[in-house]
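User: Hi! Could you walk me through a structure I have on my screen? I'll just fire off questions as they come up.

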Amino acid sequence: MAPSDLRIADIIGSETSSRQKAALIGFPSDEGVRVNGGRTGASEAPEKIFTRLMQLTPHPLYSDQQEGLIKRTSPPNMLACSGSVTSDQDLLANEVSEALNRGVLPVIAGGGHETAFGHFSGYAKSKKPVHILNIDAHTDVRPLKEGLPHSGSPFRQALEDSSGSCKSYTVLGLQPSSVAKEHLSFVNDHGSAVFAEDLTLQDVKKYFRKLESESASESVMVTMDMDAVDQSHAPGVSAPNAAGISSRLWLDIALYCGKQPNVTSFDLCEVNPKYDRDGQTVRLAALTIWTYLLGVSLR
């Protein structure tokens with residue numbers, strides 16, 4: 001590609017040997033979705049999302065900043081998932097822990113939302129406290145099913161993990177018709193929740209301001225479940241949302257989170273290419289990661 005039409009694929013990882021900043025990790029698992037009774041297909045998402053991401057250009061107004069970050073970001077590393085949710089989560093945890101210990105920012109493309117517990121477990125392995133911010137239509141605090149973890153259980157697992165690494169859990173973008181009263185109560189006992197109909201960017205800003213005043217030195221892992229977005233903008237997901245947030249608000253949240261110095265990792269989950277329309281959801285997912293990375297570059 002000519003320098004006048006630079007794409008991410010042309011520069012990614014070109015300066016990681018001595019000063020790596022971020023790592024792209026693919027987690028192609030949706031066994032947790034199957035266990036949870038959802039429609040499978042999210043395992044196909046990471047490769048498609050990263051392929052699209054590589055085709056994007058750095059932001060023309062912030063090219064120096066974003067190009068600098070992309071050059072210090074390792075190319076996608078697609079993990080070899082086995083189909084065992086627990087084993088695969090442990091595999092992801094090892095990758096996240098290794099990155100965190102080197103001061104590298106993990107950026108993960110799932111997969112079902114079982115991705116999030118593997119993501120969190122990297123902090124537990126590194127003995128690092130972390131607050132979880134989830135953008136999602138669901139609370140995902142269900143109990144295990146016959147002892148098996150799944151895409152609906154990651155945040156209960158994190159909160160109850162023996163490491164004690166999960167310091168709080170906040171979920172923004174909930175659909176009231178998809179949230180059990182008991183699950184909402186469980187979330188509020190450990191953090192807070194905001195429903196989609198009430199959600200604005202100010203709620204995200206308020207979250208970070210509150211955290212800064214209470215736990216300024218502790219990290220935040222951000223996890224964004226694409227089913228928080230209205231199905232008119234994101235049809236290709238595991239659980240379509242008839243009344244979700246706009247893609248504009250979704251991207252604004254990704255950018256704002258990227259700009260926060262205490263956000264030390266990120267994942268995006270539940271894109272399901274099997275049910276996508278003209279690649280619409282995959283494109284939005286790639287743009288979400290691009291936007292988050294732009295935010296990181298502007299810190």
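User: Where does Ala228 lie?
Analyst: Happy to help. Keep in mind that this is a predicted model. Ala228 is in the loop that runs between strand S7 (219–225) and helix H11 (247–259).

User: Is Ala228 buried or exposed there?
Analyst: Buried, because its relative accessibility is 0%.

User: And what does Ala228 touch?
Analyst: Leaving out residues up to four places away in sequence, Ala228 touches Ile135, Asp136, Ala137, Asn241, Gly244, Ile245 and Trp250. Trp250 is 22 residues away along the chain, and the C-alpha atoms of Ala228 and Trp250 are 8.3 Å apart.

User: Which residues touch the most other members of the largest nonpolar core?
Analyst: Trp250 turns up again here, along with Leu53, Met226 and Ile289, in a core of 56 residues. Helix H12 (residues 280–297) gives the largest share of this core, with ten residues.

User: What is Leu53 in contact with?
Analyst: Setting aside neighbours within four places in sequence, Leu53 contacts Ile8, Leu24, Ala286, Ile289 and Trp290. Apart from this core there is another one of 26 residues, including Leu92, Val96, Val171 and Leu174.

User: Let's switch to strands. How many residues of S1 are buried?
Analyst: Six of the six residues in strand S1 (residues 22–27) are buried. Ala22, Leu24 and Gly26 point one way, while Ala23, Ile25 and Phe27 point the other way. In a regular strand, side chains alternate between the two faces of the sheet.

User: Which strands does S1 pair with?
Analyst: S1 pairs in the parallel sense with strand S2 (residues 73–78), over four bridges. S1 also pairs with strand S3 (residues 105–110), again in the parallel sense, over six bridges. For landmarks, Ile25 has Asn77 as its bridge partner in S2, and Phe27 stands opposite Gly110 in S3.

User: Now cysteines. How many disulfides does the structure hold?
Analyst: Zero. Cys166 is in no disulfide, and the nearest cysteine sulfur, that of Cys269, is 15 Å away.

User: Why is there no bond from Cys257 to the closest cysteine sulfur?
Analyst: Because that sulfur, in Cys269, is 14 Å from the sulfur of Cys257, which is too far for a bond.

User: Are Cys166 and Cys257 buried or exposed?
Analyst: Cys166 counts as buried because its relative accessibility is 11%. Cys257 is buried too, with a relative accessible area of 0%.

How values were computed:
Residues are numbered from 1 along each chain as its sequence is written. This is a predicted model: local features need pLDDT of at least 70, side-chain atom pairs count only at pLDDT 80 or more; totals for chains, interfaces and linings use all residues. Side-chain values use heavy atoms; hydrogens and water are left out. A disulfide is a pair of cysteine sulfur atoms within 2.5 Å. Buried means under 20% relative accessible area, exposed over 50%, partly exposed in between (1.4 Å probe, protein chains only). Helices (H or I, at least four residues) and strands (E, at least two) are DSSP runs, numbered from the N terminus. Two strands pair if DSSP finds at least two bridges between them. A nonpolar core is a set of buried Ala, Val, Leu, Ile, Met, Phe, Trp, Tyr and Cys residues joined through side-chain atoms within 4.5 Å. Contact means heavy atoms within 4.5 Å.
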